[in-house]
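Trainee: Could you take me through this structure one feature at a time, giving the general idea before the particular case?

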Amino acid sequence: MLAVGRIGGNLNQIAQWLNRAMLAGRTDLDALTVARRMLTIERQLAQIVEAARRC
């Protein structure tokens, strides 16, 4: 569970960085692709947490 928490924290840092970059006008970033991938990871983490709770 500790590792999952760390991964979640890292995802949060990436999201914050992406938001700042987009606000700064970075056009070389594909924000939609990054957002989709982050959402996929978030969903996978939720599944891992749920499976751990059932054990």
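Trainee: In which helix is threonine 40 found, and what does its relative accessibility make it count as?

Mentor: In this predicted model, threonine 40 belongs to helix α2. Since partly exposed covers the range between under 20% and over 50%, threonine 40, with a relative accessibility of 41%, counts as partly exposed. Between threonine 40 and glycine 9 there are 15 Å in space, C-alpha to C-alpha, for a separation of 31 residues in sequence.

Trainee: How many helices and strands are there in the protein chain, and how do α1 and α2 pack?

Mentor: A pair of packed helices is described by two quantities, the angle between the axes and the distance between them. The protein chain has two helices and zero strands; helix α1 spans residues 2-23 and helix α2 residues 31-54, and they pack at about 165 degrees with axes 11 Å apart. Because angles over 145 degrees count as roughly antiparallel, that is the description that applies to α1 and α2, and their crossing is left-handed.

Trainee: Which residues make the contact?

Mentor: On the α1 side they include Val4, Ile7, Gly8 and Leu11, and on the α2 side Val34, Met38, Ile41 and Glu42. By class, the contact comprises 14 nonpolar residues, one polar and one charged.

Trainee: What do the radius of gyration and the box say about the protein chain?

Mentor: The radius of gyration is 14 Å, well over the 10 Å from the globule rule for 55 residues, so the protein chain is more spread out than a compact globule. Its C-alpha atoms fill a box of roughly 45 × 15 × 10 Å along the principal axes, and buried residues make up 13% of the 55.

Key: Residues are numbered from 1 along each chain as its sequence is written. This is a predicted model: local features need pLDDT of at least 70, side-chain atom pairs count only at pLDDT 80 or more; totals for chains, interfaces and linings use all residues. Side-chain values use heavy atoms; hydrogens and water are left out. Axes are lines fitted to C-alpha atoms, for helices over the stretch in contact, and angles run from 0 to 180 degrees between N-to-C directions. Helices (H or I, at least four residues) and strands (E, at least two) are DSSP runs, numbered from the N terminus. Angles under 35 degrees count as roughly parallel, over 145 as roughly antiparallel, 65 to 115 as roughly perpendicular and the rest as oblique. A crossing is left-handed if the near helix is turned anticlockwise from the far one by less than a right angle, and right-handed if clockwise. Contact means heavy atoms within 4.5 Å. Ala, Val, Leu, Ile, Met, Phe, Trp, Tyr, Cys and Pro count as nonpolar, Asp, Glu, Lys and Arg as charged, and the others, Gly among them, as polar. The radius of gyration is taken over C-alpha atoms; the globule rule is 2.2 Å times the number of residues to the power 0.38. Buried means under 20% relative accessible area, exposed over 50%, partly exposed in between (1.4 Å probe, protein chains only).
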